[in-house]
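Hi,

Here is the structure I promised to pass on. Have a look at it first, and my notes come right after.

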Amino acid sequence: MGLEAALLAAARGFAVTVLEAGEVGASLRRWGPTRTFSPLAMNLSARARALVGDLDAEALLTGPELAERVLVPLARSAPLEGRVRPRHRVVSIGRARMRRDEFAGHPLRGERAFRLLVDTPEGERVLEADAVLDASG
């Protein structure tokens, strides 16, 4: 869902960054031989299907197959190239220059950027974002 949301946001002109805690599709790879219960066409937008190429719309893929045939190619596709950061685990999220208890429910909170503390392969970094979508499940 995160990559689908990023594709749609990028198509609408937003600058997107996808932070993956592990490798792309890491959780799906742990499924092993378990297959999806619904066909690929029900789980993938037309936009994503066009980017990953020729896939059987009726396929019931295993988690590892879904990761390799769909998610990895999507992450490398032109709209998301350079925007997907594997091994970037979000440690915490807050509003810039505000504590959790300041101005609760006040519109001022919405005017402040989000600050994300992220554990990266190079160490901890702070990133700022106008919007955050958590698709971690």
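Below is what turned up, starting with one helix and moving on to the charged pairs.

Bear in mind that this is a predicted model. Helix α5 covers residues 63–76, and its 14 residues should span 20 Å at 1.5 Å a residue; the end C-alpha atoms sit 18 Å apart, which agrees. There is a kink of about 25 degrees at Val70, shortly before Pro73. Val70 is also buried, as are Gly63, Leu66, Ala67, Leu71, Val72, Leu74 and Ala75. The buried residues of α5 pack against α1, α2, α3, α4 and β2.

On to the salt bridges: there are six in the structure. One of them involves α5: Glu68 meets Arg29 at 2.6 Å, N to O. Since Glu68 lies in α5 and Arg29 in α2, this pair ties together parts that are 39 residues apart in sequence. Glu68 is partly exposed at 44% relative accessible area, and Arg29 is partly exposed too, at 31%.

Glu23 and Arg87 make another, at 2.5 Å. That pair links the loop between β1 and α2 with the loop between β2 and β3, 64 residues apart.

Then there is Arg89 with Asp119, whose closest N and O atoms are 3.7 Å apart. Arg89 is in strand β3 and Asp119 in strand β4, so the pair joins parts 30 residues apart in sequence. Arg35, Glu65 and Arg69 form one network through salt bridges that share partners.

Last, the surface: Val90, Ile93 and Val132 make a nonpolar patch of about 210 Å². Ile93 belongs to β3 and is partly exposed, at 47%.

Cheers

How values were computed
Residues are numbered from 1 along each chain as its sequence is written. This is a predicted model: local features need pLDDT of at least 70, side-chain atom pairs count only at pLDDT 80 or more; totals for chains, interfaces and linings use all residues. Side-chain values use heavy atoms; hydrogens and water are left out. Helices (H or I, at least four residues) and strands (E, at least two) are DSSP runs, numbered from the N terminus. The expected span of a helix is 1.5 Å times one less than its number of residues. The bend at a residue is the angle between axes fitted to the seven residues ending there and the seven starting there. Buried means under 20% relative accessible area, exposed over 50%, partly exposed in between (1.4 Å probe, protein chains only). Contact means heavy atoms within 4.5 Å. Patches are made of residues with over 30% relative accessible area and no salt bridge: like charges are joined within 9 Å, nonpolar side chains (Val, Leu, Ile, Met, Phe, Trp, Tyr) within 5 Å. Accessible areas come from the Shrake-Rupley method with a 1.4 Å probe; for residues, only the protein chains shown count as cover. A salt bridge is a side-chain nitrogen of Lys or Arg within 4 Å of a carboxyl oxygen of Asp or Glu.
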